[in-house]
Structure formats: C-alpha cells, structure tokens
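This report goes through a single protein chain, taking one buried position to begin with and then moving on to strand pairing, the nonpolar core and a loop. Please keep the sequence and the structure at hand while reading.

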Amino acid sequence: MPRNLTYQAKSLLLALLVLLLWWFTPALFKRWTGVIFQEFQAPAWTALSYLGDLQSYWAARSRSKSELIEAGVDLSRLNAAYALRNQRADTFEREVRRMESFFNLPSYTDYRYEVARVVKRDLTGWWQNLVIRKGLNYDIEPGQAVVFSGGVVGRVSSVSAYTATVELISSPRFRSAAHIEGDDRPVEFRGGINPGLMAASGSVATVPADMVATLKNPLRLTSSRLGGVFPDGLTLGWVYRLDPSPDGLFQSGVVRLDPRLQTLREVAVMIPLRAREEEEQ
C-alpha cells in the first residue's frame, strides 16, 4: 500500500510540475505551439472529409436508374425555379444601382460566396465551432460571415493554411446586432449555453416594448449590417415570447435557432469585394 501511495504522489507531483511549467511559459510560445498542432491535425481532418465524400459518391452510384431519373427531374424543376429567381434578382439589382446613382448614395458591400465542406464539429456547452475545408488558400480571413440556406451560421474565428474555424451563432461568446423583421430599431443577439445533443437557442435583448411575440405569430430575428460583419436581412432565428425588463423600457426573450446548424455538411463564406466603382475603373 505505501508503494502505491508513493507512486500516486509522484504522478500527482509530475502533473502539477507540468501545469506550472505551462503556466509560466510565454504566451507567444503557447500560441506558436497551438498553431503548429492545428496545422498538424488539419490534413487528417481533410482526409476524413474526402473519404466521406467518396463514400457518398459510391453510395449514389449504387442507386437504381429510376431513382436517379426522379432525382434529375426534381433538380430540373429546382433549377427552373432558381433561374426565375435569378432573373428577378438581376432586375432588383439594376434598380438598386439606378437609385444609388440617382440619389448619390454609397453602395452596399458586395460579396462572393466561397462554398466549403464541414470537416469537424466541436459542439459543447462552452463553445460551438465548425472546422471547414478551406482557409488562407481561398482568401478566407477572420471575421468574415458564414451562411447557409437557412440564414446565418456564424463568423470565421481563426484561419490556417487549408482550414478555418467558424464560431456558430449558438456559441455563448457570439454577439451581434440584429433587427426584428419589419422594424429598423437595432436589438442585441447573443448565443447561449447549448449542449451538443439539444436544440440550439440564443437570446435577444433591448427589444422595444411595443413588440409582441406569440406562438402563433413569432417574430423573425434578422441580421444587421450595423455590426460590420453581416448584411441586412439574413435569418438568425425566431422569437416566440418576450418578457419585459425590470425598468419596463425594453424586452428580452429566447431565440430558437435553426436545428440544421448542428448537422451542416456545407456552408458558404461571404468574402467582401471591392466597391463597384473601383471594379468598373
């Protein structure tokens, strides 16, 4: 028994010594080792992602011709619908440019969408992150917006050579300006503490006292360009109930986020472009 106690004491002292050495290690060295470790792991994450794509490809090859024909018909219908929407979008874009030139207004920031595959998910109660399969090699930088078909995914928090980490809007550290759909007054959106196996949610604060949200008529919370990251109008979530603050001036409530955030396989990074005037020159 004393020998076992001595061994346990030595192990504990060794662990404490390692912790003390790491505590007094310079921050620059810690950051350097963290970057090296992440770059070392990135090829393994990317390889697993490519293997998953290959598996999906062969699974699709094993389907019957009738299933592929039905899928092709559905895709053709979607392509036709998207073609009509693109025509309308082009019309609206020309109208916006005409109004900007007529009133001498500054142009909104243009973006290009860089689609990337998700290679890793890190969903805990302390943080909510995704790792995507593109990085500095595709001009991705920290702070850029990340979106999908359902609205806002989050923003890029860090970038390496071939991968990038995205902080989800469900992360407790996420903060952003927002708007209630149909109202120009800004509100504050925050992520929440979301365990990985439960539906994600956030919170909204500084909501004007005249806004009303019910289960039958929820309020759609959208992004705001006031924060300098996201454009206006992208969906953040839905508010089904608002509670008054102690001072009675504002309201706050829970924001239900899209459940697909936890199972995303592909996202799009919004990379800002130069102003239209500079491009035309």
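## A buried threonine

Not counting residues up to four places away in sequence, T222 touches A178, H179, E181, G233, L234, T235 and L236. These contacts, like everything that follows, are read from a predicted model, and they belong to a residue that is found in strand 9, which covers residues 219–223. T222 has a relative accessibility of 6%, and because buried means under 20%, T222 counts as buried.

## Strand 3 and its two partners

Strand 3 covers residues 145–148, and its side chains divide between two directions, with A145 and V147 pointing one way and V146 and F148 the other way, although all of them are buried. Strand 3 is joined to strand 4 (residues 151–159) by four bridges, and the two strands run antiparallel. Within this pair, A145 stands opposite R155 of strand 4, and the two strands form a hairpin that has two residues between them.

Strand 3 also pairs with strand 13, again in the antiparallel sense, over three bridges. Here V147 has A268 of strand 13 as its bridge partner.

## The nonpolar core

Strand 13 (residues 266–272) comes up again in the largest nonpolar core, to which it gives five residues, the largest share from any one element. That core has 43 residues in total, and the ones with the most contacts inside it are I132, V153, I169, F189, V204, L221 and L242. Domain 1 (111–171 + 266–272) and domain 2 (175–258) both give residues to this core, so the core lies between the two domains.

L242, one of the residues with the most contacts inside the core, can be followed outward through its own neighbours. Leaving aside those within four places in sequence, L242 is in contact with V204, V207, M211, A213, L219, Q251, S252 and G253.

## An exposed valine in a loop

V212 is found in the loop between strand 8 (201–208) and strand 9. Is V212 buried or exposed? Its relative accessible area is 60%, and because exposed means over 50%, V212 counts as exposed.

Not counting residues up to four places away in sequence, V212 touches N217 and L219, and L219 is also among the contacts of L242. V212 and Y240 are 28 residues apart in sequence, while their C-alpha atoms are 8.9 Å apart in space.

Key: Residues are numbered from 1 along each chain as its sequence is written. This is a predicted model: local features need pLDDT of at least 70, side-chain atom pairs count only at pLDDT 80 or more; totals for chains, interfaces and linings use all residues. Side-chain values use heavy atoms; hydrogens and water are left out. A nonpolar core is a set of buried Ala, Val, Leu, Ile, Met, Phe, Trp, Tyr and Cys residues joined through side-chain atoms within 4.5 Å. Buried means under 20% relative accessible area, exposed over 50%, partly exposed in between (1.4 Å probe, protein chains only). Domain bounds come from an automatic or database domain assignment. Contact means heavy atoms within 4.5 Å. Two strands pair if DSSP finds at least two bridges between them.
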